[in-house]
Amino acid sequence: MAGEWTAVEGESHKKRVCYFFDSDIGGFHYGPGHPMKPTRIRMCHSLVMNYGLYKKMEIFRAKPATKREMTQFHSDEYVDFLSRITPSNMNQYIKEQHKYNVGDDCPVFDGLFDYCSISAGGSMEGAARLSRDKCDIAINWAGGLHHAKKSEASGFCYVNDIVLGILELLRYHSRVLYIDIDVHHGDGVEEAFYTTDRVMTVSFHKYGEYFPGTGELRDIGIGKGKYYSLNFPLRDGISDENYKSVFEPVIQQVMEYYDPSAIVLQCGTDSLSGDKLGCLNLSMKGHANCVRFVKSFNKPLLLLGGGGYTMRNVSRAWAFETGLAAGVELGREIPVNEYYEYFGPDYELDVKSSNTEDMNTPEYLERVKNIVLDNVRRLKGPPSVQMSDIPKLPIDDAMDDINQDEDLVPPDERRPRRLLDSRVQADGELSDSDDEGEGGRRDRVSYKDRGSESRSRSSETEGGTMRKFGIGVGILSSGPAGSTHGAGPSGHTTLVPQTTAAPTSMDVDDTPPTTERGVTPVEAIKVVDGVSVDEHKDKDDMAVDENPPADGETS
Ligand SMILES: [Zn+2]
């Protein structure tokens, strides 16, 4: 029967899962032909609800992050810019668009700031609930936007919800482990914590002529953060088995040596086989094995989204991983849902590997793994941190400090490799119909440019000067600045769980906005004939997403 699930065997105890979803998220559009489609979050949610996972977890709609909260990491000027820019006034901000890298990969679209607020609010609130022991696992598939920098958009990311979530965790946890399984390097998060031992970042990603050009094996952190950044560069086409053969031993050893008290797992699904921008060959189960493995350490766990550009597969994988978090394995047959036709012709949940060649030879993987494990062994036991060291200064004072090096890099040096460059030609079977209307974007940057860009962001090695981009020094080591969180522990933990979900409902609907971070009323669900009605979904949604209108194709 469709839509069934079975309990996962061998779980010692059930996890309390908080799942964040805001129905507004599916209504944002990066623009015709853009591969990032927020609708994928709603497709995933449709599967989650129609599989009945609401019975196994609490569902929340987070309060959107405020400008002030975003400036815990981002510069005031950049956040202000994001909150002001719209498609209708963008011509007045040409200089700023260049400065903040907004325009190509990261277009200006209607509701841009609201979109960022929803993404960041879910991750911050998830972190806050974990810290206060309100749940064991928090999930925000609208988060995981790992490329955003302090004062710069990058790779479809504007606000780095991950850094904001980790900063919230650091108010209560002395050591946080960040793991990134997106096909792209988790550069924004690595950079933010590159000089601190309080966050260890571990990224597995395609490396070599690929966005964002960073994440070399030899980039391991600097200063106090030396050995607290790990990078595992991969070649095209890695299989489930090979991925597992490096992921598990590395994470196992990181857990032993670093002993984090909380974990953030960025679950970018562009590492799946058949992704439009990806080049790896993971099946859904191979991808989900990372979630299963990380969960098995029984630490507070924040599961975030990230990349993922073949929508039907993104939603499959994240729904399956939501199930695993809640202790169940979703059945093969997809239940009827609002996006059912996307899952044809077999209407099955699985995302299968292809028979593409794995360019990661056993010798290569073994060699890289041994170097990475060697670096982990250089950690001399987990660093101990006195939590009283966390300063609690007003955010305005704090921002003065970390803004100082803002303009170190001349604007004309900001020439990031475009994420769209890495777009692969999916074979006919795997490509979505919405692959049309691209307008040649993928060729925008010349090969000459690519060569120079691929090195432009590399970090300096130990003892070198500052990294070229962003904040230069990690936000946690720049005095009191980074650790302060103006919102306070109650800032993100005040929502009431949605306890009235009807069995067949699929969508968290609107609630009246709250004027402060007080109690939000239990959210209402509208159900019509077993499928809920989302007021934000209009017919144009699907038209824009799947069949770019004619005027878009010529732009
Ligand atoms: Zn990615």
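## Strands, core and unusual backbone sites in a predicted model

Strand β2 and strand β3 (residues 58-60) run parallel and are joined by three bridges, one feature of a model that is predicted. Between these two strands the chain passes through helix α1 (residues 39-50), and the resulting β-α-β crossover is right-handed. Within this pairing, Y19 has I59 of β3 as its bridge partner. Strand β2 also pairs with strand β4 (residues 137-140), again in the parallel sense, through four bridges, and here C18 has A138 of β4 as its bridge partner.

In a regular strand the side chains alternate between the two faces of the sheet. For β2 (residues 17-20), V17 and Y19 lie on one side while C18 and F20 lie on the other, and all of them are buried, so that both faces of the strand are covered.

### The chain as a whole

The secondary structure of the protein chain amounts to 15 helices and 12 strands, and 54% of its 555 residues count as buried. When contacts between residues at least 6 apart in sequence are considered, 80% of them join residues that are at least 24 apart.

### Helix α5 and the nonpolar core

Helix α5 covers residues 112-131, and because its 20 residues should span 28 Å at 1.5 Å a residue, the distance of 29 Å between its end C-alpha atoms agrees with that expectation. The helix is mostly covered, with 18 of its 20 residues buried, and it is followed by D133, whose phi is positive and near 60°.

In soluble globular proteins, nonpolar side chains tend to be buried together. In this model the largest nonpolar core has 133 residues, and those with the most contacts inside it are I166, Y178, L265 and L303. Helix α5 gives this core its largest share, namely nine residues. The surroundings of Y178 can be described further: apart from neighbours within four places in sequence, Y178 is in contact with I166, V189, V199, M200, T201, V202 and V264.

### Backbone sites in loops

Two cis peptide bonds, each leading into a proline, deserve attention when the backbone is inspected. The bond from F211 to P212 is cis, with omega near -5°, and P212 sits in the loop between β6 (199-206) and β7 (229-234). The bond from G344 to P345 is likewise cis, with omega near 0°, and P345 lies in the loop between β10 (328-330) and α11 (362-377).

Positive phi values also occur at D259 and at N298, neither of which is a glycine. The table sets out these two residues.

| Residue | Phi | Loop | C-beta neighbours within 10 Å |
|---|---|---|---|
| D259 | about 50° | between α8 (240-258) and β8 (262-266) | 16 other C-beta atoms |
| N298 | near 55° | between α9 (284-295) and β9 (301-304) | 10 C-beta neighbours |

Because a residue counts as exposed when 12 or fewer other C-beta atoms lie within 10 Å and as buried when 20 or more do, D259, with 16, is partly exposed, whereas N298, with 10, counts as exposed.

Notes:
Residues are numbered from 1 along each chain as its sequence is written. This is a predicted model: local features need pLDDT of at least 70, side-chain atom pairs count only at pLDDT 80 or more; totals for chains, interfaces and linings use all residues. Two residues are in contact if their C-beta atoms, placed from the backbone, lie within 7 Å. The expected span of a helix is 1.5 Å times one less than its number of residues. A nonpolar core is a set of buried Ala, Val, Leu, Ile, Met, Phe, Trp, Tyr and Cys residues joined through C-beta atoms within 7 Å. Two strands pair if DSSP finds at least two bridges between them. A crossover is right-handed if, with the strands pointing away from the viewer, the path from the first strand over the helix to the second runs clockwise.
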